[in-house]
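Please open the model in your viewer and keep the sequence panel beside it. The tour below moves from one selection to the next and says what is to be found at each stop.

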Amino acid sequence: MHQFVLSIAFGLVTASVLAIASVGLSLQFGITNYVNFAYGDFMALGAFFSYDLNNLYLHLNIWVALVFGSLLMGILAVGINRALLSPFARKFDKPFYVLIVTFGLSLVILNVIYSFWGANIRSYRTPVQYVKHVGPFLLTINQMIVMAIAVVLMLLVHVLLKTTRLGKSMRAMSDNASLAMTSGIDTQRITTITWFLSGTMAGLAGTVLGISEGNLTPASGELFLFVIFAAVIVGGVGSIYGAMAGALIIGLATEVSASFINASYKLDVAFAILILTLLFKPSGVFARSGKA
Amino acid sequence: MTYKDLSTTPAGSEGPILRCEGLTKAFGGVNAVNGATFDVPRNKITALIGPNGAGKTTVVNILSGAMKSDSGTVHLGSTDVTNMDRAKIARLGLMRTFQLSRELGGLSVLENLLVAPKVQAGESIFNIFFRPRLVKREERQNIERATEILRTYGLYDLRDNWARELSGGQKKLLEISRGVMASPSVFLLDEPMAGVNPALIERIGGYILDMKAQGVTVLMIEHNLNVVERICDNVIVLAEGKTLATGKLSELRQNKEVVTAYLGEVINASTGH
């Protein structure tokens with residue numbers, strides 16, 4: 001029983017990281033209509049930006065480094081979209097071509113990270129962590145902060161999408177880009193803002209993943225990408241709220257399963273859920289009328 | 001020209017509000033529009049009529065920026081909007097509807113209207129975080145205006161429904177009300193009466209007259225000549241992609257070319273001969 005309760009706490013931490021990453025990926029997919037396979041590498045790059053700010057230059061507190069590292073990743077994502085992805089998306093109607101470009105981009109970013117930071121496992125400079133009792137759970141302060149960040153971010157995304165003109169324009173574009181343009185929505189601007197938000201969330205997710213795992217490697221984002229896809233698809237592709245719910249399901253299921261089966265099968269559990277979803281509800285468990 | 005500039009660019013105050021000259025558009029070997037030239041007078045309701053395949057919808061697509069012309073020019077007031085990005089044209093004050101109504105189905109009925117107004121503070125991340133009062137005030141004003149429009153168009157009770165759940169007639173009304181929300185100077189309506197019941201035709205006719213009373217110029221594609229006769233000040237007849245004639249419908253009924261190309265066909269259809 002004790003192990004089961006502990007695994008729920010781990011599940012909530014994993015779900016938090018997953019939710020930040022899934023919502024970032026879903027936002028970008030909903031607007032541009034193509035999958036960014038370099039998203040995992042965006043996460044890793046953002047994590048290494050935070051690492052440098054935390055360990056090498058400025059020696060910032062990890063939470064301050066997380067903010068600046070993520071913003072840096074957001075700005076870089078806008079640049080990558082402007083210089084590389086957007087021209088391809090304009091040239092080719094089918095999203096498939098841009099998807100291939102993102103595959104290539106993924107390899108390039110991964111190797112850039114290897115060349116700048118090497119293949120060594122690294123870790124952030126954080127205060128010594130003590131485990132605290134929170135109700136029936138045992139959590140470190142860092143894990144609690146990661147969960148708080150995820151909750152606050154999800155609320156902010158909800159407020160953005162539901163109550164601001166910017167969010168409504170994003171949803172309008174996600175729903176019907178052509179009609180959004182005809183209604184006078186500046187779709188280029190919305191796309192740029194979306195890439196900034198998506199890149200920033202990738203950076204955040206990569207850094208909090210490194211914090212919660214206690215280490216980071218150039219490939220950590222790429223490995224996590226498959227779990228993110230599972231969460232996004234289980235929740236309902238293109239749905240922000242689906243991505244949040246999918247993250248919770250996958251995060252909890254993978255960690256709780258580890259208290260019953262060998263922990264090395266955690267990823268397999270995520271894929272089993274993904275396959276079952278695709279078999280019985282391909283539109284996603286939380287797909288409903290309306291994307292966001 | 002930035003989007004902000006566009007929102008404040010006046011469509012001028014003299015002469016025709018919309019002028020197109022020598023528009024052409026070919027699809028493969030077919031000339032859908034073949035030198036269409038006409039002016040749309042300011043603050044009037046103008047009908048664009050013609051037989052099927054005359055190029056009416058293609059012309060409206062070009063005017064609204066949804067399609068690029070092969071040649072020719074389009075001026076909105078004094079601004080050359082030829083082949084301009086459609087969002088920029090919309091922000092200059094030219095809105096449109098479609099033959100088959102289009103709605104932002106994943107947004108509520110109210111939200112469909114709230115995305116329509118031109119440049120707003122709430123579009124900027126900076127303003128959302130650092131000028132929240134301004135954003136809130138603007139949003140409140142927009143909600144008030146949208147609510148008023150929805151009441152006028154009989155959609156108020158459906159304001160929180162997903163737009164995709166509406167019936168065909170309701171979608172038609174939503175599309176028109178979304179355009180009205182943007183405070184356009186020119187409103188292009190592509191067959192607003194198509195597929196709607198007679199009672200709704202009456203209502204939509206009334207709404208179009210209201211728009212005119214509020215200073216909006218309307219250019220509408222319409223096949224229903226009773227409606228054209230009743231609400232339109234001016235008529236442009238297109239045939240084979242060219243402007244065949246312009247004038248009042250009563251004058252055009254005397255024009256042999258027009259009768260041969262279109263009106264005879266419509267009158268025969270309506271009388272069953």
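**A hairpin in chain B**

Begin by selecting Gly77(B), which takes a positive phi near 60° in the hairpin of β4(B) and β5(B), a hairpin with 2 residues between the strands. Helices (H or I, at least four residues) and strands (E, at least two) are DSSP runs, numbered from the N terminus. This is a predicted model, in which local features need pLDDT of at least 70 and side-chain atom pairs count only at pLDDT 80 or more, while totals for chains, interfaces and linings use all residues. Residues are numbered from 1 along each chain as its sequence is written, and chains are lettered from A and ligands numbered from 1 in the order in which they are written.

Extend the selection to strand β4 (residues 71–76) of chain B, which is joined to β5(B) by 2 bridges and runs antiparallel to it; two strands pair if DSSP finds at least two bridges between them. Leu76(B) has Thr79(B) of β5(B) as its bridge partner.

**The antiparallel sheet of chain B**

Now show the open sheet of 4 strands to which the hairpin belongs, with the order β2-β1-β4-β5 (chain B) and antiparallel pairing. At its edges stand β2 (30–40) and β5 (79–80) of chain B, each with a single partner strand, so one side of each is left without a neighbour in the sheet. Helix α2 (residues 56–63) of chain B packs on this sheet, touching β1 (18–27), β2 and β4 of chain B, and its direction makes about 115° with that of β1(B). Such a contact is counted if the C-beta atoms of two residues, placed from the backbone, lie within 7 Å. Axes are lines fitted to C-alpha atoms, for helices over the stretch in contact, and angles run from 0 to 180 degrees between N-to-C directions. Within the sheet, 5 bridges join β1(B) to β4(B), which run antiparallel, and Arg19(B) can be found opposite His75(B) in β4(B).

**The mixed sheet of chain B**

Next, select the open sheet of 6 strands, whose pairing is mixed and whose order is β6-β7-β8-β3-β9-β10 (chain B). Here β6 (94–96) and β10 (242–247) of chain B are the edge strands, each with a single partner strand, so one side of each is left without a neighbour in the sheet. On average, and with direction ignored, neighbouring strands of this sheet are turned by 20° against each other. Strand β3 (residues 45–49) of chain B runs parallel to strand β8 (residues 217–221) of chain B, to which 4 bridges join it, and Leu48(B) stands opposite Ile221(B) in β8(B). Return to α2(B), which also lies across β3, β6, β7 (186–190), β8 and β9 (234–239) of chain B, running at about 150° to β7(B).

**Domains and the side facing chain A**

Colour chain B by its domain assignment, which gives domain 1 (3–103 + 183–271) and domain 2 (104–165); such bounds come from an automatic or database domain assignment. The centres of the two, taken over C-alpha atoms, are separated by 28 Å.

Then show both chains: the contact takes 29 residues from chain B and 22 residues from chain A. On the chain B side, α3 (86–91), α4 (109–114), α5 (125–130) and α6 (132–152) each supply at least two residues, and α3(B) gives the largest share, 4 residues.

**Helix packing in chain A**

Finally, hide chain B and select helix α2 (residues 39–56) and helix α3 (residues 62–91) of chain A, whose axes come within 8 Å and cross at roughly 135°. That makes α2(A) oblique to α3(A), because angles under 35 degrees count as roughly parallel, over 145 as roughly antiparallel, 65 to 115 as roughly perpendicular and the rest as oblique. Among the residues making the contact are Phe42(A) and Phe49(A) of α2(A) and Phe68(A) and Met73(A) of α3(A).

Keep α2(A) and add helix α8 (residues 187–213) of chain A; the two axes come within 7 Å and cross at roughly 65°, and the helices are therefore roughly perpendicular to each other. Including Tyr39(A) and Ala47(A), residues of α2(A) meet residues of α8(A) that include Gly203(A) and Gly206(A).

For the last stop, select helix α1 (residues 2–32) and helix α5 (residues 141–163) of chain A, which pack at an angle of about 35° with their axes 9 Å apart.
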